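Reader: I would like a close look at one part of this protein. Please take me through the largest pocket and the residues around it.

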Amino acid sequence: MVVSDNGTELTSNAILKWQEDRKVDWHYIAPGKPMQNGFVESFNGRLRDECLNQDLFSNLRHARQLIEAWRDDYNHHRPHTSLDGLTPREDHQRAESDQTLNRANL
């Protein structure tokens with residue numbers, strides 16, 4: 001299921017056809033209620049503030065390079081409060097070691 005607002009970027013005929021062709025459920029949040037999709041709103045705000053508003057892209061390739069560098073940092077190197085201050089990589093390693101420890105205790 002995709003959850004979105006009623007913004008024009010997600011109500012185009014191409015998106016609606018893609019959704020219909022793949023039988024993907026679509027849920028629109030209530031107008032004026034962005035917290036019904038809080039995770040995405042938070043992420044979009046960070047992407048906009050930390051990447052999109054910081055750079056002037058000279059072409060599509062340049063935009064892709066800068067956005068990919070931001071994505072890599074966000075997903076692999078930056079501590080997240082939702083992960084108790086760990087980076088996603090550290091959290092993954094902790095989860096793997098916890099599972100190994102749990103298996104050893106069985």
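Author: Here is the pocket, followed by two residues further along the chain.

This is a predicted model, where local features need pLDDT of at least 70, side-chain atom pairs count only at pLDDT 80 or more, and totals for chains, interfaces and linings use all residues. Residues are numbered from 1 along each chain as its sequence is written, and side-chain values use heavy atoms, leaving out hydrogens and water.

The largest pocket has a volume of about 210 Å³. A pocket is an open set of points on a 1 Å grid over the protein atoms alone, where a 1.4 Å probe fits, with protein on both sides within 12 Å along at least five of seven lines. The volume is the space filled by probe spheres set on the points, which are joined across faces, edges and corners.

Its lining is F39, S42, F43, R46, Y74, R78, P79, H80, T81 and S82. Lining residues have an atom within 4 Å of a point. Helix α2 (residues 38-52) gives the largest share, four residues. Helices are DSSP runs (H or I, at least four residues), numbered from the N terminus. By class, four lining residues are nonpolar, four polar and two charged. Here Phe, Tyr and Pro count as nonpolar, Arg as charged, and Ser, Thr and His fall among the others, as polar.

Now T87. This residue sits in the loop between α3 (60-77) and α4 (88-104). T87 is buried, at 9% relative accessible area. Buried means under 20% (1.4 Å probe, protein chains only). Beyond neighbours within four places in sequence, T87 contacts H76, H77, R78 and P79. Contact means heavy atoms within 4.5 Å.

Last, D91. Helix α4 holds D91. Its C-alpha atom is 9.5 Å from that of P79, twelve residues apart along the chain. Not counting residues up to four places away in sequence, D91 touches L83 and L86.

Key: Helix = DSSP H or I, 4+ residues; strand = E, 2+ residues; numbered from the N terminus. Buried < 20%, exposed > 50% of the residue type's maximum accessible area, 1.4 Å probe, protein only.
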